[in-house]
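Trainee: I would like to take a close look at one part of this model with you. Could you walk me through it slowly and then show me what surrounds it?

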Amino acid sequence: MKRVFDVMVAAAAIILLAPLLMAIAVAVRICLGKPVLFVQERPGLHGVPFKLVKFRTMRELYDADGEPFQDEDRMTRLGEFLRAYSLDELPGFWNVLRGEMSLVGPRPLTMEYLPLYSVEQARRHEVKPGITGWAQVNGRNALSWEEKFRLDVWYVDHASMWLDLKLVALTLWKTIRRDGISQLGHVTMPVFLGSTPPQSGIGKSRK
């Protein structure tokens, strides 16, 4: 039932939002150039990697050693607007159609974080990652990593169709209000360095 709901909503969203998707793509192309989409490997169900698709929000800026500049230096005004209203996430409906993501579930983070999770935190991968989730409607990026992971695991233990419907509705409301876009002093979440003590729940072999 959850999969049917995911497919129906994602397909309808792609069709109905097609003009908006095209407008965003053109805006990104003009402001940031190519590529329009940001594609990155992220851990899915059980930590199995998939290619997450989003609209680009940052410039490609690197220092003399080839390392990217800080997010604050690479973020654009267009990117800030897209992130404020979660418009950069819209291409994720394609990941939902492919079965790699769900509408609701823990947000997929980077592959590098997998060895840093505690055993309990790694339980967030017992369900498919989502475009939105329990953590997103309870603070989003304003939460600490520990709070966010605790909420993710709460969702894993309480997932239901009714809860998913509630979270979709709450997400629309929170997006309009622009709640919890980022932590104070950060344009995105700070890097997760691991909890204490770090106990790997999902190893690097999943990468």
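Which side chain meets that of Asp164 in a salt bridge?

Mentor: Happy to help, and please keep in mind that this is a predicted model. The partner you are looking for is Lys2: its side chain and that of Asp164 form a salt bridge, with 2.4 Å from N to O. Now find the two residues along the chain. Asp164 belongs to helix 7 and Lys2 to helix 1, so the bridge links distant parts of the chain, 162 residues apart. The two ends also differ in their surroundings. Asp164 counts as buried because its relative accessibility is 2%, while Lys2, at 30%, counts as partly exposed.

This bridge is one of 9 salt bridges in the structure. Another one joins Arg107 and Glu89, whose closest N and O atoms are 2.8 Å apart. Here too distant parts of the chain are linked: Arg107 sits in the loop between strand 3 and strand 4, Glu89 in the loop between helix 4 and helix 5, and 18 residues separate them. Both Arg107 and Glu89 are buried. They also belong to a network of salt bridges that takes in Lys54 and Asp88. A further bridge pairs Glu126 with Arg123, at 3.1 Å between the closest N and O atoms; Glu126 is partly exposed, with a relative accessibility of 39%.

Let us return to helix 7, where we began. Helix 7 (161-177) is among the elements that give two or more residues to the largest nonpolar core. That core has 31 residues, and Leu167 is one of the six that touch the most other members, along with Ile24, Val28, Phe93, Leu103 and Trp134. Helix 1 (2-16), the home of Lys2's end of our bridge, is on the list of contributing elements as well, but the most comes from helix 2, with 5 residues. If you set aside neighbours within four places in sequence, Leu167 is in contact with Val104, Gly133, Trp134, Val137 and Tyr155. There is also a second, separate core of 10 residues, including Ala122, Phe149, Met189 and Phe192.

Next, look at Thr132 in strand 4. Its side chain and that of Thr171 are joined by a polar contact of 2.6 Å. Thr132 is buried, with a relative accessible area of 7%. Beyond its neighbours within four places in sequence, its contacts include Leu103, Val104 and Val137.

Finally, the aromatic rings. A pair of aromatic rings is described by the distance of the centres and the angle of the planes. The count comes to 9 aromatic pairs. Tyr113 and Trp145 are edge-to-face, with 5.6 Å centre to centre and 80 degrees between the planes. Tyr113 is in the loop between strand 3 and strand 4 and Trp145 in helix 6, so this pair ties together parts 32 residues apart in sequence. Tyr113 is buried at 11%, and Trp145 is buried at 9%. By contrast, Trp134 and Trp154 are stacked: 4.6 Å centre to centre, with 20 degrees between the planes. Of these two, Trp134 is buried at 15%, whereas Trp154 is partly exposed at 32%. Tyr113 and Trp145 also join Tyr117, Phe149 and Phe192 in one aromatic cluster. Last of all, the charged end of Lys148 sits over the ring of Trp145, 5.3 Å from its centre.

Methods: Residues are numbered from 1 along each chain as its sequence is written. This is a predicted model: local features need pLDDT of at least 70, side-chain atom pairs count only at pLDDT 80 or more; totals for chains, interfaces and linings use all residues. Side-chain values use heavy atoms; hydrogens and water are left out. A nonpolar core is a set of buried Ala, Val, Leu, Ile, Met, Phe, Trp, Tyr and Cys residues joined through side-chain atoms within 4.5 Å. Buried means under 20% relative accessible area, exposed over 50%, partly exposed in between (1.4 Å probe, protein chains only). Helices (H or I, at least four residues) and strands (E, at least two) are DSSP runs, numbered from the N terminus. Contact means heavy atoms within 4.5 Å. A salt bridge is a side-chain nitrogen of Lys or Arg within 4 Å of a carboxyl oxygen of Asp or Glu. A polar contact is a pair of N or O atoms within 3.5 Å; within protein, one must be able to donate a hydrogen and the other to accept it, and residues adjacent in sequence count only if both atoms are side-chain atoms. Rings of Phe, Tyr and Trp (its six-membered ring) pair if their centres lie within 6.5 Å; planes under 30 degrees apart count as stacked, over 60 as edge-to-face and the rest as tilted. A charge sits over a ring if NZ of Lys or CZ of Arg is within 6 Å of the ring centre and within 35 degrees of the ring normal.
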